[in-house]
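Welcome! Could you walk me through this assembly, starting with the ligands and then moving on to the sheet, the metal and the chains?

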Amino acid sequence: MSDTTMTRREWLLTDRPQSRLQARLGRAYVTWRRFTANRLAAIGLGIILLLLFVAAFAPLLAPHSPYIGDLKNARLLPASSTYWLGTDDQGRDILSRLIYGSRLTLQVIVLVAIIAAPIGLLVGTAAGYAGGWIDAVLMRITDIFLAFPKLVLALAFVAALGPGIENAIIAIALTSWPPYARIARAETLTVRNSDYIAAVKLMGASPMRIVLRHIMPLCISSLIVRVTLDMAGIILTAAGLGFLGLGAQPPLPEWGAMIASGRRFILDQWWVAAAPGAAILIVSLGFNLLGDGLRDALDTRSGGQ
Amino acid sequence: ATPADTLVQAWAIDDTITLDPAESFELSPAEFLGNAYDMLVRLDINDTTKVRPGVAESWTVSDDGLTYTFKLKSGLKFASGNPITAKDVAWSFERVVKLDKSPAFILTQFGLTKDNVTEKAKAADDSTFVFTVDKSYAPSFVLNCLTATVGAVMDSKLVLEHVAPVTPTDEYKFDNDFGNGWLKTGYAGSGPFKIRDWRANEILVLERNDNYYGDKPALARVIYRHVKESATQRLMLEAGDIDVARNLEPGDLEAISKNAELATTSAPKGTVYYISLNQKNPNLAKPEVRQALKYLVDYDAIGSTLIKGIGEIRQTYQAKGVLGALDSNPFTFDVAKAKELLEKAGLKDGFSVTMDVRNTQPVTGIAESFQQTVGQAGVKVEIIPGDGKQTLTKYRARNHDMYIGQWGMDYWDPNSNAETFTSNPNNADDGTVKTLAWRNAWDVPELTEKTKAALLERDNDKRATMYKELQQAALDTSPFVLIFQQTEVAGLRGNVKNYKLGPNFDSNFVAPVTKE
Amino acid sequence: MSTLLHVENLRVSFPTRTGVVEAVRGVSFALGQERLGIVGESGSGKSQTGRAIMGLTPQQAEIGARRLEFSGIDLLKASVSERRALRGNRIAMILQDPKYSLDPVMTIGRQIVETLRTHEKVSKSAARERALDMLAAVQIRDPKRVYDLYPHEVSGGMGQRAMIAMMLIAGPELLIADEPTSALDVTVQLDILRILDRLVIDRGMGLIFISHDLRLVSTFCDRVIVMYAGKIVEELKASELSQAKHPYTQGLLNCMPKIGADRHPLPVLDRKPEWLL
Amino acid sequence: MTPALSIDKLRVVYDDFVALKDVSVTVAQGESFGLVGESGSGKSTLLRAVAGIAPVSSGTIDVSGKRLGKLRDKEFYRQVQMVFQDPYGSLHPRQTVDRLLLEPLDIHGFGDTEKRIQRALDEVGLGSGFRFRYSHQLSGGQRQRVAIARALILEPSILLLDEPTSALDASVQAEVLNLLEQVRRDRKLTFVMVSHDLGVITHMCERLMVMQGGQEVERLQAGDLATRNVAQDYTRNLLVASEGFVRDA
Amino acid sequence: MSTADTQTPARRANRRASTILKAVASFAVIVGTTYLGLLAVTFFIGRVVPIDPVLAIVGDRAPAHVVERTREQMGFNLPYYQQFYLYVKGVLSGDFGTSVLTTNPVMSDIRRVFPATMELATVGTIIGAALGIPLGVLAAVKRGSLADQVVRIIGLIGYSVPIFWLGLLALLVFYARLGWTAGPGRIDVVFEYTFTPITGFYLLDAMLNRDWAAFKDIFAHIILPASLLGYFSLAYISRMTRSFMLNELSQEYIAAARAKGLSETRIIWGHALRNAAVPLVTVIALSYAGLLEGSVLTETVFAWPGLGLYITNSLQNADMNAVLGGTIIIGSVFIALNLLSDLLYRLLDPRTRIR
Ligand SMILES: Nc1ncnc2c1ncn2[C@@H]1O[C@H](COP(=O)(O)OP(=O)(O)OP(=O)(O)O)[C@@H](O)[C@H]1O
Ligand SMILES: Nc1ncnc2c1ncn2[C@@H]1O[C@H](COP(=O)(O)OP(=O)(O)OP(=O)(O)O)[C@@H](O)[C@H]1O
Ligand SMILES: [Mg+2]
Ligand SMILES: [Mg+2]
Ligand code: NI
């Protein structure tokens with residue numbers, strides 16, 4: 001193999017990358033290959049992409065207004081050619097609400113992920129690396145939050161901050177970081193005494209630098225996996241808060257709130273709750289599959305050998 | 001299936017926090033106490049403008065309207081076997097006034113105080129009870145008040161065995177609790193049933209009182225099971241695990257009414273649902289806006305869907321059937337008219353406002369519908385959902401813009417609602433009488449006076465007219481958008497007979513019920 | 001000396017994402033009741049050869065041979081249960097690292113007894129006796145104590161002895177030892193070899209000794225196979241190792257620093273592409 | 001001349017296990033000093049104590065005449081660097097060679113990083129083809145070269161080598177040992193090297209110390225081993241064992 | 001030569017004693033600080049919740065002066081630190097105060113609602129573990145096969161379905177339509193007069209009373225909600241089992257076990273699962289703790305008078321004594337389960353055993 005031009009695949013898979021970019025892309029490509037080799041994971045990714053698409057083009061996709069219904073004439077109708085998934089108790093088109101609701105679902109997921117995961121990561125890695133009393137104090141706080149009934153905490157936060165989707169998100173985020181901290185800490189403990197961390201230390205790196213630049217990147221992948229696996233739980237917690245009336249404000253088409261209000265009709269107009277239920281199921285299934293796939297793809301320990 | 005001698009009802013009984021008649025002021029305990037205790041007089045559920053004898057056989061009112069003399073039926077016994085005497089009645093009144101809990105005002109509004117109660121509510125002899133009021137109130141008002149559960153006749157001997165000592169303080173000058181602690185879960189009455197057991201949020205058991213003087217209940221016991229969900233209740237009713245389902249929502253009610261094995265029953269209740277507009281909000285304080293919003297409720301649609309079967313559209317604040325209730329529904333959903341009014345108020349482009357809504361049906365549904373319909377006139381409503389107590393806390397502090405809620409009558413008399421909707425003696429933030437008018441900062445000195453006057457009108461017809469005028473004034477100017485009056489419904493197994501809901505919760509009598 | 005094992009043209013390959021990795025590419029040898037050494041650098045296919053004989057090749061691997069026969073039994077055609085019956089009973093294998101090859105939550109004694117009772121019908125107490133004897137046979141000084149210890153409670157050398165005991169208790173005719181001493185200290189290393197040596201001599205067992213340490217193999221084994229990239233490049237008598245013909249073998253021998261030899265810089269191995277063929 | 005490294009009565013205690021019992025060593029500048037002994041004898045602990053990653057409970061360490069405190073400053077790490085035993089464990093699994101080499105330069109604020117990285121790779125005999133590989137794309141010998149390059153990039157004067165070749169094949173070991181010898185010569189480095197292989201130690205070091213159980217057994221010149229001029233039985237056993245297997249008659 | 005016998009027996013005993021002492025001391029510190037933290041956080045929550053606690057007692061229609069008087073009687077007019085001090089003092093002397101909602105001492109309420117939740121959670125966890133572990137093992141052993149995918153999907157659905165939805169559906173199908181199980185609640189009213197709870201764990205009580213009719217009925221009532229909870233823990237347990245098993249199955253000692261000629265069954269159940277059991281214990285304990293926290297939603301749908309409902313109800317009414325009591329109980333359970341799983345961990349994993 002001398003001068004023949006490399007195919008793009010070979011270029012990516014080469015074990016002699018010529019630039020930082022190529023190395024990074026190559027690595028991403030390998031991960032991607034491993035990921036897509038798992039058909040279910042690809043399905044999961046497809047679902048998430050679909051969700052993104054729907055959320056982005058909601059106004060174009062929705063056949064009706066998600067907020068305005070016809071209480072008097074179009075209440076609780078079954079699926080028909082005008083209302084593909086039927087109507088809810090305010091006479092609104094369920095499909096349109098689901099489509100618009102995808103935005104809220106995304107918002108919940110993304111915000112929780114970017115609030116809870118970094119808190120957990122920071123607390124966990126700092127505790128794990130520092131050890132000693134810092135570890136003791138941080139872990140005590142984590143334990144208290146863990147030992148605290150999650151719902152009480154979430155309810156209290158929402159009650160204190162006022163209802164609304166944003167506050168529900170904050171509440172969920174604040175109750176879901178402790179497990180991440182635990183994971184990050186455990187991970188940190190295993191790498192803390194490794195030679196490559198000792199090597200960085202021997203370069204004269206400050207503890208801050210070691211945690212931020214060398215330890216955190218190692219914990220992130222398992223954290224990402226865990227977060228994607230928790231997504232279903234997060235959507236459901238939001239739904240649970242909605243069930244207790246502390247989630248999204250009406251008339252926002254939040255899926256959990258839709259189920260919560262639709263459950264009253266479950267015996268006769270089952271589709272009112274079933275449609276958002278199925279949507280939640282599909283999306284969280286998507287995230288779960290994605291998370292599973294990511295685990296297999298990112299986990300070099302069991303995935304590689 | 002349920003036992004033949006037991007009536008099993010599923011009902012959300014989590015509002016029961018005490019079984020002491022001097023303290024209890026919520027809906028479900030009113031029903032328990034109404035069945036387990038007897039009062040001097042009872043509401044006649046066949047003609048709700050009248051009262052019928054309870055423990056008292058007969059009564060007279062002195063000409064000056066200040067002295068009420070009750071003659072007790074003879075030979076009555078409490079469930080414990082102790083005889084019922086006028087002393088028990090007097091002691092019961094004294095107990096209420098001295099404990100001074102939430103419902104005590106129903107008695108103290110007649111001028112009873114801790115110091116004079118022993119004089120004003122007095123046993124002349126074993127079978128004569130004399131009650132002296134401070135003004136010559138309409139007798140219907142006084143008697144109606146005495147039908148409330150707070151007027152329950154207590155077994156003083158039994159209760160006194162259970163009093164707990166208390167260290168007197170400035171607020172509470174007595175050295176014992178009048179058995180309040182024990183009675184929170186205990187029972188010392190003489191009604192057709194006795195309360196056998198109460199496990200909060202779980203179950204309440206009534207048992208036939210064999211010492212009851214009147215017609216003995218056909219069933220040996222009535223059990224209330226705490227079940228919150230309408231759908232769950234319906235499933236249990238269909239499966240025959242309960243005999244009566246009490247919290248049915250329209251959809252489930254409809255399904256049950258179509259089921260041949262099941263039946264439904266209903267009765268209008270003295271509870272009205274309304275949207276109130278806080279007058280502290282400058283937009284809402286404009287008279288045109290108040291009226292405009294009354295035109296922006298889609299009464300028809302709500303009536304035929306959200307409250308179908310469980311309520312009836314009613315735009316006046318007195319419940320149907322109460323003395324002087326005005327049956328008038330002048331408003332219809334009319335966006336054009338509303339827009340016109342808004343334009344007059346200088347709010348052509350509408351305005352934004354928040355609305356506090358509790359998380360219960362049908363309130364949430366109505367709020368959402370209202371949100372849509374006012375939107376058509378350009379008014380943007382932001383719904384702030386909240387748990388009941390949370391929203392209430394805010395409402396009571398006058399921190400809301402709009403509030404949707406319900407008001408149940410404290411006692412079966414027009415004064416109860418008139419006083420709260422159309423009187424506001426002191427609109428200051430620290431006002432002492434926090435009526436609904438006060439909560440919405442609606443300052444109405446004339447109507448307040450008129451409400452007071454109606455109380456002292458001893459002629460029933462004249463009194464009724466006065467209340468009608470008050471209601472009309474409310475229709476025309478008040479910041480209350482009345483929507484509907486609650487109809488209480490129950491789904492029944494086919495074999496349950498004679499189950500009749502009363503106009504009030506304390507008159508949901510279960511004694512006549514039989515099972516085939 | 002009868003031939004215990006025939007291996008002819010053994011191939012093991014792993015399909016991977018980047019193509020097929022041929023770990024073993026046509027290895028042939030025969031083994032009698034002797035000590036056969038397999039040497040070669042890391043990744044040359046030594047372990048995979050051993051594992052293929054045992055039938056421990058990972059599932060995804062493809063395995064093929066013209067002949068793979070153990071005392072008259074065609075291993076390639078044998079059923080799964082037939083092979084299982086052979087394993088541990090007539091063919092045994094000592095794995096590289098005792099730290100990871102012993103079940104961490106089971107006492108050493110139980111692990112030994114387990115092998116025995118899988119293959120022979122013996123009572124519990126008899127099995128225990130045999131296990132204790134076996135422990136003593138691998139020169140564990142206090143068998144009774146060690147019997148009840150967990151793997152993490154013993155040192156590497158003792159763990160390796162336990163592993164040997166576990167594999168030998170059923171009295172196999174063929175033992176494959178995959179780098180049995182590379183994780184151990186030099187002094188302990190020799191103890192272990194002495195034990196293996198005694199077993200071959202006393203029991204007439206066939207031994208395949210896999211190692212990357214040429215010096216050790218040359219002093220311990222009868223014959224040596226030198227592997228490079230999945231192939232046998234040379235087979236010779238252990239005692240004649242120093243006269244190896246193949247430049248690879250020579251290079252390997254040459255590049256080790258020796259006490260007293262002052263060679264600066266050390267000669268290094270210059271890999272020729274033709275060795276791969 | 002002040003010694004490059006001077007250790008006096010060093011004691012290291014893990015929890016309540018004494019891993020190093022009052023060991024004293026002095027290494028002159030430019031010298032190569034060896035440590036041998038069986039597993040667990042405290043060889044690595046000694047190096048780690050110098051590097052500041054083992055809990056020193058008593059004793060002193062001087063580097064170029066300067067007493068070390070509990071905390072090592074950046075300056076120290078420019079003087080002393082270490083290469084670990086396990087080439088698979090000492091490179092960060094998620095970093096390319098480039099990033100690995102950039103890190104120390106970045107920490108110490110070096111300029112012209114491009115040139116330095118290039119030079120470091122050349123020096124250890126890895127062309128630029130390896131620069132953007134991840135460690136899992138390298139063989140053991142290559143990894144160890146990267147580790148050496150990383151240690152050298154800060155231009156230290158003392159290199160601590162903890163069994164740098166024990167995980168490598170004999171042929172690769174020779175290459176790495178040659179490399180180490182060469183950089184020592186070129187840069188006039190001081191080596192402290194641990195190995196359990198007497199051959200390697202005598203090949204690399206002028207003086208060596210035999211350790212057992214956290215203590216010094218004896219101290220020898222490299223030549224003493226070849227002539228079997230040893231005093232202690234323990235050392236003699238090590239010598240015999242390293243000869244290979246001897247079948248009893 | 002073993003690492004163990006390089007230490008003299010005396011030193012070992014000494015070391016063990018000090019390890020135990022250290023463990024006990026650190027445990028005490030953990031429990032103490034966790035409790036105090038729990039108390040402080042709950043108390044703080046009680047203060048920030050914008051609900052007037054007096055409202056729960058006197059109701060909406062109470063006159064203003066009654067509201068004020070009640071506020072003072074309950075000490076809500078005192079400064080916060082004083083209220084907290086009084087509360088902590090009470091708790092330390094074993095008095096958790098009285099719940100205003102049920103008028104009972106909080107402890108006696110909890111004695112009633114906690115067993116209900118615990119019984120449900122226990123049966124649920126048993127179901128979840130009994131099914132989840134074998135399914136996880138199956139999925140790991142047959143990695144990548146159809147069985148693996150099926151188990152994965154079953155588990156994922158368990159992760160993704162809202163329980164209040166599934167609960168109603170299950171009631172509709174198994175109770176209303178098929179009549180296989182009993183309906184909501186813990187026991188039929190028929191037994192209201194004959195069945196006397198002793199421990200509060202009804203299944204156990206029925207056995208103690210030898211009341212088999214009641215036992216049957218209680219079982220019929222618990223099976224549906226417990227199965228639902230079990231399904232959710234099954235989802236979690238089977239996923240974790242799978243991943244632990246995969247990890248174990250790739251270990252060298254499994255190859256060694258194969259080399260010994262052990263059957264696959266023995267290898268999987270006797271060796272791999274035995275090792276996987278070590279981390280699994282923690283997983284199961286955590287999922288059990290999660291269920292004990294009380295699923296408000298399940299309890300609502302099944303009219304189960306449990307702890308979750310109790311706490312939620314109390315919180316919504318700002319009945320802070322009850323919330324605090326409930327929180328302490330859940331905290332204790334959490335701590336206890338942590339300890340238990342720790343002990344089991346030590347028991348199962350000889351490497352962490354103190355010898
Ligand atoms: N599961 C596998 N998948 C892909 N390739 C594998 C697998 N197992 C082994 N190999 C490859 O097979 C080849 C031979 O491996 P083997 O373990 O036999 O080497 P070895 O000679 O024993 O080396 P060492 O001395 O390091 O133990 C190596 O190139 C290795 O990468
Ligand atoms: N972090 C630690 N915690 C507790 N004990 C330790 C720790 N690190 C090392 N030890 C112990 O200290 C002793 C000396 O260890 P050290 O690593 O120095 O040995 P070594 O001579 O390098 O051995 P090897 O040749 O196996 O690398 C050993 O008994 C080891 O168990
Ligand atoms: Mg190998
Ligand atoms: Mg070492
Ligand atoms: Ni039943």
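**A short briefing**

Ligand 2 has 13 residues around it, and those that come nearest are D:S39, D:G40, D:K43, D:S44 and D:T45. Keep in mind as you look that this is a predicted model. The points below begin with ligand 2, then turn to ligand 1 and to other parts of the structure.

**Ligand 2 and chain D**

- Let's begin with the polar contacts: a backbone N or O atom of D:G40 lies 2.8 Å from an oxygen atom of ligand 2.
- D:S41 also takes part, with a polar backbone atom 3.2 Å from an oxygen atom of ligand 2.
- D:Y14 uses its side chain instead: an N or O atom there is 3.4 Å from a nitrogen atom of ligand 2.
- On its own, ligand 2 has 630 Å² of accessible area, and the protein covers 62% of it.
- Which elements of chain D each supply at least two residues of the shell around ligand 2? They are β2 and α1 of chain D, and α1(D) gives the most, with 3 residues.

**Ligand 1 and chain C**

- Around ligand 1 there are 13 residues, and the closest are C:S42, C:G43, C:K46, C:S47 and C:Q48.
- Two of these closest residues reach ligand 1 through the backbone: an N or O atom of C:G43 lies 2.8 Å from an oxygen atom of the ligand, and a backbone N or O atom of C:Q48 lies 2.8 Å from an oxygen atom of ligand 1.
- C:E179 makes its contact through the side chain, where an N or O atom is 3.1 Å from an oxygen atom of ligand 1.
- How much of ligand 1 does the protein bury? Taken alone, ligand 1 exposes 630 Å², and the protein buries 71% of that.
- In chain C, β1 (5-16) and α1 (46-54) each supply at least two residues of the shell around ligand 1. The element that gives the most to this shell is α1(C), with 3 residues.

**A sheet in chain D**

- Now trace the strands: chain D has an open sheet of 4 strands in the order β2-β1-β4-β5, with antiparallel pairing.
- Its edge strands are β2 (17-27) and β5 (66-67), each of which pairs on one side only.
- Strands of a sheet pair through backbone hydrogen bonds, either parallel or antiparallel.
- In chain D, strand β1 (residues 5-14) and strand β4 (residues 56-63) run antiparallel and are joined by 6 bridges.
- To see one partnership up close, find D:V12, whose bridge partner in β4(D) is D:V56.
- Helix α1 (residues 43-51) of chain D lies across β1, β2 and β4 of that chain and runs at about 110 degrees to β1(D). This helix is also the element that gives the most to the shell around ligand 2.

**The nickel ion and chain E**

- Which residue of chain E provides the protein donors of the nickel ion (ligand 5)? The donors are E:D188 (OD) and E:D188 (OD), and they lie 1.9 to 2.8 Å from the ion.
- To find E:D188, look in the loop between α7 (163-177) and α8 (202-208) of chain E.

**How the chains meet**

- There are 8 pairs of chains that touch, and the most contacts are between chains B and E.
- Chain B and chain C do not touch, and their nearest C-alpha atoms are 48 Å apart.
- Chain B and chain D do not touch either, with their nearest C-alpha atoms 48 Å apart.

Technical notes: Residues are numbered from 1 along each chain as its sequence is written. Chains are lettered from A and ligands numbered from 1 in the order in which they are written. This is a predicted model: local features need pLDDT of at least 70, side-chain atom pairs count only at pLDDT 80 or more; totals for chains, interfaces and linings use all residues. Side-chain values use heavy atoms; hydrogens and water are left out. Donors are N, O and S atoms within 2.8 Å of the metal (3.2 Å for Na, K and Ca); water is not among the atoms, so sites may look incomplete. Two strands pair if DSSP finds at least two bridges between them. Contact means heavy atoms within 4.5 Å. Axes are lines fitted to C-alpha atoms, for helices over the stretch in contact, and angles run from 0 to 180 degrees between N-to-C directions. A residue is near a molecule or strand if one of its heavy atoms lies within 4 Å of it. A polar contact is a pair of N or O atoms within 3.5 Å; within protein, one must be able to donate a hydrogen and the other to accept it, and residues adjacent in sequence count only if both atoms are side-chain atoms. Accessible areas come from the Shrake-Rupley method with a 1.4 Å probe; for residues, only the protein chains shown count as cover.
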